[in-house]
Amino acid sequence: MGTLFGIDGELLERQYRNHLSGYLKWNQLPHAEEWVLFEKNIGAYIGIEEMYLSRDELYTILINKEEKIAAGNIITILKDTDVKTVTSILIKLSRFRRFQLREITLDMTPNMEQTARISFPVARLVRDRFHVQKLAYEAVQDMRVNSR
């Protein structure tokens, strides 16, 4: 980073991380590379999605759909999509939080549906509009091509 106005940027960054931010005392630090869980961000309406955040690394992300502030809407980010792995993390949420959910929006992958049903048994499952529209578009395209 070098220096700017006589201030060593790397030293400043290190001092902030190690002494001011509380990062080294963060309760999720031991597992943060694999998953983080922010129980306070859960609401009545959530979305669950598989997403590539980097090359060849598929993540499961849960967001609070009611929260408008980006920092407050992330419930969890997990570096996996396996049902057993994801549910083992999601059941760390308190029973009260897991049972307060009214609705979960998800795509059409079987593992996301199974994860949602196990982790949030009373919530209604809703397919997200994007995936429904995509499926309908592909079906119309197939029929159009076949009719030619």
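## Helix packing and the six-stranded sheet

Val83, Val86, Thr87 and Leu90 of helix α2 meet Asn111, Gln114, Thr115, Ile118 and Ser119 of helix α4. By residue type, the contact between α2 and α4 holds 4 nonpolar residues, 5 polar ones and no charged ones. Please keep in mind that this is a predicted model. Besides this helix pair, there is an open sheet of 6 strands to look at, along with a capped helix, α1.

**How α2 and α4 pack**

- Two packed helices are described by the angle between their axes and the distance between the axes.
- Here, α2 spans residues 83–90 and α4 spans residues 110–119; their axes come within 9 Å and cross at roughly 30 degrees.
- Because angles under 35 degrees count as roughly parallel, that crossing makes α2 roughly parallel to α4.
- The crossing of α2 past α4 is right-handed.

**The sheet as a whole**

- Reading across the open sheet, the strand order is β3-β6-β5-β4-β7-β8, and the pairing is mixed.
- The edges are taken by β3 and β8 (124–127), each with a single partner strand, so one side of each has no neighbour in the sheet.
- From one strand to the next, the twist averages 20 degrees.
- Helix α2 also packs on this sheet, where it touches β3, β5 and β6. The direction of α2 makes about 140 degrees with that of β6.

**A closer look at β6 and its partners**

- Strands of a sheet pair through backbone hydrogen bonds, either parallel or antiparallel.
- On one side, β6 (residues 74–78) is joined by 3 bridges to β3 (residues 35–37), and these two strands run antiparallel. One of the residues to look for is Trp35, whose bridge partner in β6 is Leu78.
- Strand β5 (residues 57–64) is also antiparallel to β6, with 4 bridges joining the two.
- Which residue in β6 is the bridge partner of Ile61? That partner is Ile77.
- Ile63, in turn, stands opposite Ile74 in β6.

**The two ends of α1**

- At the N-terminal end of α1 (residues 9–20), Asp8 acts as a cap: one of its side-chain oxygens lies 3.1 Å from the backbone nitrogen of Glu10.
- Just after α1 comes Gly22, which takes a positive phi of about 80 degrees.

Notes:
Residues are numbered from 1 along each chain as its sequence is written. This is a predicted model: local features need pLDDT of at least 70, side-chain atom pairs count only at pLDDT 80 or more; totals for chains, interfaces and linings use all residues. Side-chain values use heavy atoms; hydrogens and water are left out. Two strands pair if DSSP finds at least two bridges between them. Axes are lines fitted to C-alpha atoms, for helices over the stretch in contact, and angles run from 0 to 180 degrees between N-to-C directions. Angles under 35 degrees count as roughly parallel, over 145 as roughly antiparallel, 65 to 115 as roughly perpendicular and the rest as oblique. A crossing is left-handed if the near helix is turned anticlockwise from the far one by less than a right angle, and right-handed if clockwise. Contact means heavy atoms within 4.5 Å. Ala, Val, Leu, Ile, Met, Phe, Trp, Tyr, Cys and Pro count as nonpolar, Asp, Glu, Lys and Arg as charged, and the others, Gly among them, as polar. A polar contact is a pair of N or O atoms within 3.5 Å; within protein, one must be able to donate a hydrogen and the other to accept it, and residues adjacent in sequence count only if both atoms are side-chain atoms.
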